[in-house]
Amino acid sequence: MKGSNASRGEIRQFWRTFSRNRLALGAAAVVGALVVLAVLAPLLARWDPHRPDTKEILMPPSTRHWFGTDQLGRDVLSRILYGSRVSLAVGFVSVGIATLIGVLLGAAAGYHGGTVDNLIMRMVDLMLVFPRFFLLLAVLALLTPSIWTIMAIIGMTGWMGVARLVRVEFLTLREREFVIWSESIGAGALRVVFRHILPNAVAPVLVAMTLGIPAAILTESGLSFLGLGVQPPYATWGNILNDGKDVLEIAWWMTLYPGLAILLTVLSYNLVGEGIRDALDPRLRQTRRAMRMGR
Amino acid sequence: MLLFALRRLVLSVPLLVGITFISFLVISLAPGGPLDFLTPEDPNASPEVRERLIREFGLDQPVYVQYWRWLTRVVRLDFGHTFLPDGKPVLTKIRERLPITLFLNIVEMLVILGLAVPVGVLSATRQYSLYDKVTTIFVFVGFATPDFWLALLLMFLFGVQLGWLPISGLRSLNWEYLSFWRQQWDFVTHLILPIGVATFGGLAGFSRYMRQSMLEVIRQDYIQTARAKGLSEQTIVGKHALRNALLPVVTVLGLSLPGLIGGSVIIESIFAIPGMGQLMVQSVFARDYPVVMGNLVIVASLTLIANLIADVAYGLVDPRIRLGGRRRR
């Protein structure tokens, strides 16, 4: 593999393979649309998602309220739109945090090797021993659940996979580039490393990020559903489902639509992630094999 | 072989210590400070009483001393008593619920395996066929479906509308009055919905992985050889291909072992199944700190043990692992 930045040709090659995958392309369009909807939610929502209206409690879907209303008379569609902002934020921020931690630790482990590597891998093993949900719940028992806490702890419990990927990338490439290093001037070597190794690590990390977002969204909605996530009156998909579960028999719209929203979002991100992974395949197959060896 | 197992065992000890360390870190997030949870906060207590309690429980000591005191208790499996009125020891509460969670997750794992293997294999042997495409779609959707949502929908459909299946707990109210066989059947019907929901998502990952693994194996040279030898497709797939394709699946199975203990939180909560997951959620709501921490430590430790067992099992199954020990990390 050439130790240069991802060249124009490689990016073009990636696009060519990716666009051939119609399913992934469609999913990417859906993802884009969802982002747009989330960003424009304040403009698009017809009703205030937080304002109760006792005259319109538990109304079924109609031309006034496309997705019906909840027990406090709030418009479900508007709440779902605003909920998508929460999901998007939680998805991106927590994955961002996780990736940052993972890249830093993985790079440190792979670059230095030896004791540092050992220490960091032990930390990874340690974190992996805690079932994620239990750890999240325990922390939430002690801190007040808020959107920031949730984003932070989902991020801080999800960096392990990325760390391993990055570490493997560093380990394998370090062996190869070592000759070049020993020939170049001291300080120059570091920059060479970051210009040559990191671009190669981008591919699997990008896949991990794209697949991490739906996982974070599912986790956040699960927590909100249990009542330990983003707290009312803020609207999040899990919240709406939680409100809706008690009135399921008489207000099916409170359960159907938020669930579909989650389903659609998670599905689209997953398909895009798989598409990216397939488009980067030849390189990824190598990484996958290395992953198995480097554990 | 024994050496391998022992080595893994020894490596696990620092992890156990690490578990207690991380758990202690989590406790110290409590608003009052570490070990505050040992004494239920009584806002009516006068300052003198609080002073006395603080000194008695060593809350004024430096952090590492508090950690040590907590650690010595944990090692003896003394997690204190619950804050709830019944005042039971934490360990008792956990011990009551552990078998249920284990049972639930093991059954779920078996069902997933039982379904995923044939589905995945068939998908691989009929790649790109209609069957393959349909199952792939099904699988992706299954993966993306939030389990609590599916649970609600199925509960509504089968429990309320159709009334076919019970939707909560593990036993009906009239359980004691049923005959033995009726009791068993009652138990089974109570399990159908929770296991069904749980497997829906898990099936996705597994069958896909099985398919992937099978596809890789089929492309191998020795399969070509077997075909050249004139063996029937049935034998090739059933005997040679399958055995090799199962190996990475066993790996993934091992990776899911941690999920055996900690993965069913939502299912237990929504179906009111008295397991560890439900206990966790309840105690979090009740701010019942001793139970929360005890649960955390025990679940993590059990996961560690499960990993250990899984690793030793690989060593048995795949000789490369136990012989190639040194460079593994």
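In the predicted model, B:Val119 is buried, because 21 other C-beta atoms lie within 10 Å, where 20 or more suffice for a residue to count as buried. This residue belongs to helix α4 of chain B, which spans residues 90-125. When neighbours within four places in sequence are set aside, B:Val119 is in contact with B:Thr135 and B:Ser207. A further pair was examined along the same chain: B:Val119 and B:Val252 stand 133 residues apart in sequence, and a distance of 16 Å separates their C-alpha atoms.

The contact between the chains was considered next. Chain A contributes 37 residues to this contact, and chain B contributes 39 residues. On the side of chain A that touches chain B, at least two residues each are supplied by α5 (114-129), α6 (132-142), α9 (186-226), α10 (237-245) and α11 (253-279) of chain A. By residue class, this side of chain A comprises 26 nonpolar, six polar and five charged residues.

Confidence was assessed for the model and for chain B. The model scores an ipTM of 0.84 and a pTM of 0.85. In chain B, the average pLDDT is 78, and 85% of the residues score at least 70. Residues 325-329 of chain B, however, have a pLDDT below 50; in the model, this stretch has five contacts beyond near neighbours in sequence.

Methods
Residues numbered from 1 in each chain as written. Chains lettered and ligands numbered in written order. Predicted model: local features only at pLDDT ≥ 70, side-chain atom pairs only at ≥ 80, totals over all residues. Contact = placed C-beta atoms within 7 Å. Helix = DSSP H or I, 4+ residues; strand = E, 2+ residues; numbered from the N terminus. Nonpolar A, V, L, I, M, F, W, Y, C, P; charged D, E, K, R; others polar. pLDDT = per-residue confidence, 0-100. Buried ≥ 20, exposed ≤ 12 C-beta atoms within 10 Å, placed from the backbone.
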